[in-house]
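Student: Can you take me through this one? I'd like to start with a strand and then go on to helix packing.

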Amino acid sequence: MAKAFYRLQKFLRRTQFLLFFLTAAYLMAGSLLLLQRTRLVIQQGSHGTSANQAPTVPDEMTRVGIADPRALQNPQSDPRLLVGMDALQEPALDQQHSPRWLVSRNSELRQLRRRWLHRFISDQEPMQTAGFKVIKHTAEHKGTYIGCFTDDSRERTLKGAVFYDLRKMTVAHCQEACAERAYSYAGLVYGAECYCGNTLPATTSKPEECNSECKGEKGSVCGGVNRLSVYRVEELRTGARRRRNVIYRGCFRAPENLTDTFPASLIQPNLTVEMCSEFCSKKEFPLAVIQGQECYCGYPTGRFSLRDGADGLRCSGTHNTSSAAEGKYCLVYQTPVQDTRCTDRKFLSTKSKVFVALSSFPGAGNTWARHLIEHATGYYTGSYYFDGALYNKGFKGEKDHWRSRRTICVKTHESGKTEIEMFDSAILLIRNPYKSLMAEFNRKYAGHLGYATDHNWKSKEWPDFVNSYASWWASHVLDWLKYGKRLLIVHYEDLKQSLIPKLREMVEFLNVTVTEDRLLCVENNRDGNFKRSGAKQKDFEPFTQEMKDLINRYILTVDEALRGRNFTGLPSEYLPR
């Protein structure tokens with residue numbers, strides 16, 4: 001009897017374990033299926049808006065005719081507007097102007113965050129196809145492999161230029177990026193990070209320690225954990241691409257002692273801009289300075305800050321002995337090499353005690369401000385969202401959880417009492433609404449660096465966009481003024497015009513001490529990779545008089561609210577329009 005009971009007990013235990021295992025497998029399979037279906041719904045379906053998701057509208061908004069979004073019906077969204085990474089939408093002013101595709105701003109943000117996560121999880125299969133194409137490309141342009149080296153982030157020699165790609169990094173991509181910036185070596189680490197420079201790392205490692213496969217190229221090695229796979233960069237097909245990256249900075253009064261001011265120099269008969277730029281690039285200096293037959297290389301410093309340019313006519317004879325002998329003026333060029341005095345960045349070593357937001361309306365220059373803050377402080381900035389394109393541009397904080405407190409501040413476009421009161425303090429970045437609306441419209445239809453087409457501007461989407469987003473521009477500022485605990489107001493126009501003073505003010509607000517040379521380095525790299533290039537906007541006025549009247553009322557309301565909180569009012573250039 002006892003033996004039979006023992007066998008029954010043993011059988012039940014095995015059955016219990018088997019049931020537990022099957023239940024876990026069933027739940028995992030169901031979760032994966034749910035994620036896939038949710039992704040399809042987000043891409044193809046429509047989104048509703050619940051009453052409790054509508055943002056709070058401050059009292060000031062009612063004075064200019066902004067309706068409470070909770071009074072609006074639940075409109076349907078158009079999938080065409082869910083293309084961008086940061087597609088944010090705002091309830092319209094009233095039902096007369098409410099486009100069919102508008103949904104609650106906060107609801108849309110939540111849907112997009114889910115969509116980014118699902119896209120990130122489910123991108124494994126497309127990678128195989130992309131990887132096959134990349135391998136073919138690499139075989140055609142592969143450079144010379146030097147070896148495996150130790151990567152020390154504190155004393156990195158390959159620090160001239162950096163970029164990341166979590167999904168498509170290849171040896172060819174890294175080499176081409178470094179070649180375009182006139183570097184001799186390309187190093188890859190962690191399978192997804194690329195570093196450029198002209199000096200090899202000091203410490204070699206065992207070949208087998210470089211064991212991370214390139215994210216976009218199966219069978220190729222892209223470094224390892226703290227290990228660099230270093231390649232010698234091959235010349236680009238067209239040598240002119242290097243020269244095209246040399247930028248004329250202007251004519252400047254030369255410092256009293258050129259030799260003491262600049263650490264490297266070259267005297268060359270028949271000196272050309274290309275000769276001087278190539279020499280300075282190999283020395284890894286961002287400035288090439290020409291005076292007569294003399295070439296000098298260096299950085300912007302307190303003795304040579306590049307802030308006070310001279311009339312170009314004064315430099316018209318810098319290649320002639322008469323003007324060169326006087327030694328008063330010199331020509332300055334920006335080489336393809338990046339100023340590395342401010343490129344080192346890291347996460348905070350301990351959790352920040354103060355949770356700081358970098359808040360702005362979309363299109364107000366938040367990404368540019370993050371670039372400036374990161375290079376000035378040496379710490380990464382975080383984001384309430386995740387944008388893979390920005391991560392690949394070097395914003396490592398994009399992958400970090402926004403509440404980790406390992407970043408110096410956190411980007412957000414959110415408004416509303418709950419979202420604002422999560423932060424202890426905030427830098428509130430405000431830009432001219434006319435410029436912000438156009439920048440965000442460009443981003444929606446052409447990405448971070450492109451321009452919307454004439455067809456986009458003249459379509460029905462543009463007036464619908466203005467009618468909804470203009471009210472968001474105002475409510476965003478008013479919400480932060482009402483609920484923000486400690487604010488630093490920064491106007492985009494002031495930051496652009498007086499970069500160093502305003503940036504110093506922002507850094508002090510973040511409780512970080514920086515050197516003058518580091519700020520000069522930021523000024524020298526002020527645009528980063530975030531300035532729109534290509535064709536200029538068409539010469540036409542996109543704003544109708546009705547749009548101008550609407551936006552101007554919001555400008556006056558925000559200006560009054562700022563002054564009521566003892567802040568400086570909006571810049572005078574915002575009005576009239």
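Tutor: A term to begin with: buried means under 20% relative accessible area, exposed over 50%, and partly exposed in between, with a 1.4 Å probe and protein chains only. This is a predicted model, in which local features need pLDDT of at least 70, side-chain atom pairs count only at pLDDT 80 or more, and totals for chains, interfaces and linings use all residues. Residues are numbered from 1 along each chain as its sequence is written, and side-chain values use heavy atoms, with hydrogens and water left out.

Student: OK. Which residues of β14 are buried on each side?

Tutor: Val356, Leu358 and Ser360 are buried on one side, Ala357 and Ser359 on the other, so both faces are covered. β14 spans residues 356-360, and because 5 of its 5 residues are buried, the strand is largely enclosed by the rest of the structure. Strands here are DSSP runs of E, at least two residues, and helices are runs of H or I, at least four, numbered from the N terminus.

Student: How many bridges join β14 to β17?

Tutor: There are 5, and β14 runs parallel to β17 (residues 425-430). Two strands pair if DSSP finds at least two bridges between them. β14 also pairs with β16 (residues 410-412), over 3 bridges and in the parallel sense.

Student: What does Leu358 stand opposite in β16?

Tutor: Lys411. In β17, the bridge partner of Leu358 is Ile427.

Student: Switching to helices. At roughly what angle do α9 and α17 cross?

Tutor: Roughly 150 degrees, with the axes of α9 (residues 366-377) and α17 coming within 9 Å. Axes are lines fitted to C-alpha atoms, for helices over the stretch in contact, and angles run from 0 to 180 degrees between N-to-C directions. α9 is therefore roughly antiparallel to α17. The cut-offs are under 35 degrees for roughly parallel, over 145 for roughly antiparallel, 65 to 115 for roughly perpendicular, and oblique for the rest.

Student: Which residues make that contact?

Tutor: Leu372, Glu374, His375, Ala376 and Thr377 of α9, with Arg518, Leu519 and Val522 of α17. Contact means heavy atoms within 4.5 Å.

Student: And α16 with α17, how do they cross?

Tutor: At roughly 120 degrees, with the axes of α16 (residues 499-509) and α17 (residues 516-524) coming within 10 Å. The two helices are therefore oblique to each other.

Student: What meets what there?

Tutor: Leu499, Ile500, Leu503 and Arg504 in α16 meet Glu516, Leu519, Leu520, Val522 and Glu523 in α17.
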